[in-house]
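Grab a pencil and work through these exercises with the structure open beside you. Try each task before you read its solution.

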Amino acid sequence: VTFENDTLTAGEATIRITNTEVITGEYDYCPYLLVFSYDFTNNSEELLVPEDIWDEYFSLTQETDTTVDQLQNIGTLPRDSKYSEPESLRFTDIKAGATVQVVKTYAIEELSYPVALTISDNYGENVLGTKVINLQ
């Protein structure tokens with residue numbers, strides 16, 4: 001498993017992050033959303049669900065003056081947004097050899113602190129790298 005140039009290469013799949021964007025959320029509990037757009041390629045012979053593979057290799061934290069918060073994927077994208085179709089593929093079985101465009105969203109409350117996307121294998125056992133994302 002490797003992570004280079006915004007691309008995770010694992011035996012079963014490849015995830016290439018193509019964009020990150022902060023958008024306004026629709027609800028008070030979620031004032032902002034950090035949206036990761038990515039290409040998901042199923043390299044296996046089995047059906048794979050992009051959300052399962054993302055969660056196996058990626059986690060997101062935000063360090064403030066007093067805390068380190070593990071950010072959760074609880075953000076709800078605005079209806080009829082440009083992300084509607086890619087978001088719908090997050091939980092869809094993707095065929096062997098297929099590549100689809102997918103989005104992953106995280107709820108963000110504070111934009112003044114950067115977030116850290118940590119890439120690891122075995123659900124955090126071995127850290128492969130960290131990508132810092134400034135939100136402003």
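A pocket, found on a 1 Å grid over the protein atoms alone, is an open set of points with protein on both sides within 12 Å along at least five of seven lines. Its volume is the space filled by probe spheres set on the points. Keep in mind that you're looking at a predicted model.

**Exercise 1: The largest pocket**

Task: Find out how much space lies in the largest pocket, and which residues line the largest pocket.

Solution:
- Step 1. Start with the volume: the largest pocket holds about 170 Å³ of space.
- Step 2. Now go round the wall. The lining is made up of Tyr-29, Gln-62, Asp-69, Gln-70, Leu-71, Gln-72, Ile-74, Ala-107, Ile-108, Glu-109 and Glu-110.
- Step 3. Ask which elements give two or more residues to that lining: they are strand E6 (68-70) and E7.
- Step 4. Sort the lining by character, and you get five nonpolar, three polar and three charged residues.

**Exercise 2: A salt bridge across the chain**

Task: Which residue meets Asp-6 in a salt bridge, and where in the chain do the two partners sit?

Solution:
- Step 1. Recall the cut-off: a side-chain nitrogen of Lys or Arg has to be within 4 Å of a carboxyl oxygen of Asp or Glu.
- Step 2. Check the pair: the side chains of Asp-6 and Lys-131 come to 3.1 Å, N to O, and form a salt bridge.
- Step 3. Place the partners. Asp-6 sits in the loop between strand E1 (2-4) and strand E2 (7-9), while Lys-131 belongs to strand E9 (residues 126-133), so this pair links distant parts of the chain, 125 residues apart.
- Step 4. Look at exposure. Asp-6 is partly exposed at 25% relative accessibility, and Lys-131 is partly exposed too, at 22%.

**Exercise 3: A network of charges**

Task: How many salt bridges are there by this rule, and which residues are linked in a network?

Solution:
- Step 1. Get the count: it comes to seven salt bridges.
- Step 2. Pick out Glu-51 and Lys-104, whose closest N and O atoms are 2.7 Å apart. Glu-51 is in helix H1 (residues 50-57) and Lys-104 is in strand E7 (residues 99-108), 53 residues apart.
- Step 3. Judge how hidden they are. Buried means under 20% relative accessible area. Glu-51 has 5%, so it is buried, and Lys-104, at 1%, is buried as well.
- Step 4. Add another pair: Arg-90 and Glu-87 meet in a salt bridge at 3.5 Å, N to O. Here Arg-90 is buried at 7%, but Glu-87 counts as partly exposed at 23%.
- Step 5. Put it together: Glu-51, Asp-55, Glu-87, Arg-90 and Lys-104 are linked in a network of salt bridges.

**Exercise 4: The helix H1**

Task: Why is H1 described as largely enclosed by the rest of the structure?

Solution:
- Step 1. Name the buried residues of H1: Pro-50, Glu-51, Ile-53, Trp-54, Glu-56 and Tyr-57.
- Step 2. Compare with the whole helix. Six of the eight residues of H1 are buried, so H1 is largely enclosed.
- Step 3. See what does the covering: it includes E2, strand E3 (13-27), strand E4 (30-42), strand E5 (58-63), E7 and E8.
- Step 4. Zoom in on Ser-120, in strand E8 (residues 115-121). Ser-120 is buried at 5% relative accessibility. Leaving aside neighbours within four places in sequence, Ser-120 is in contact with Glu-56, Tyr-57, Asn-126, Val-127 and Leu-128.

**Exercise 5: Backbone angles and an exposed valine**

Task: What is the phi of Asn-5, and is Val-132 buried or exposed?

Solution:
- Step 1. Read the angle: Asn-5 has a positive phi of about 50°, although it is not a glycine. Asp-6 isn't a glycine either, and its phi is positive at about 65°.
- Step 2. Locate them: Asn-5 is in the loop between E1 and E2, and Asp-6 is found in that loop too. Asn-5 is exposed, at 76% relative accessibility.
- Step 3. Turn to Val-132 in strand E9. With a relative accessible area of 56%, Val-132 is exposed.
- Step 4. Check its surroundings. Not counting residues up to four places away in sequence, Val-132 touches Pro-114 and Val-115. Val-132 and Pro-114 are 18 residues apart in sequence, yet 6.6 Å apart in space, C-alpha to C-alpha.

Terms used
Residues are numbered from 1 along each chain as its sequence is written. This is a predicted model: local features need pLDDT of at least 70, side-chain atom pairs count only at pLDDT 80 or more; totals for chains, interfaces and linings use all residues. Side-chain values use heavy atoms; hydrogens and water are left out. Helices (H or I, at least four residues) and strands (E, at least two) are DSSP runs, numbered from the N terminus. Buried means under 20% relative accessible area, exposed over 50%, partly exposed in between (1.4 Å probe, protein chains only). On a 1 Å grid over the protein atoms alone, a cavity is a set of points where a 1.4 Å probe fits but cannot get out, and a pocket is an open set with protein on both sides within 12 Å along at least five of seven lines; lining residues have an atom within 4 Å of a point. Ala, Val, Leu, Ile, Met, Phe, Trp, Tyr, Cys and Pro count as nonpolar, Asp, Glu, Lys and Arg as charged, and the others, Gly among them, as polar. Contact means heavy atoms within 4.5 Å.
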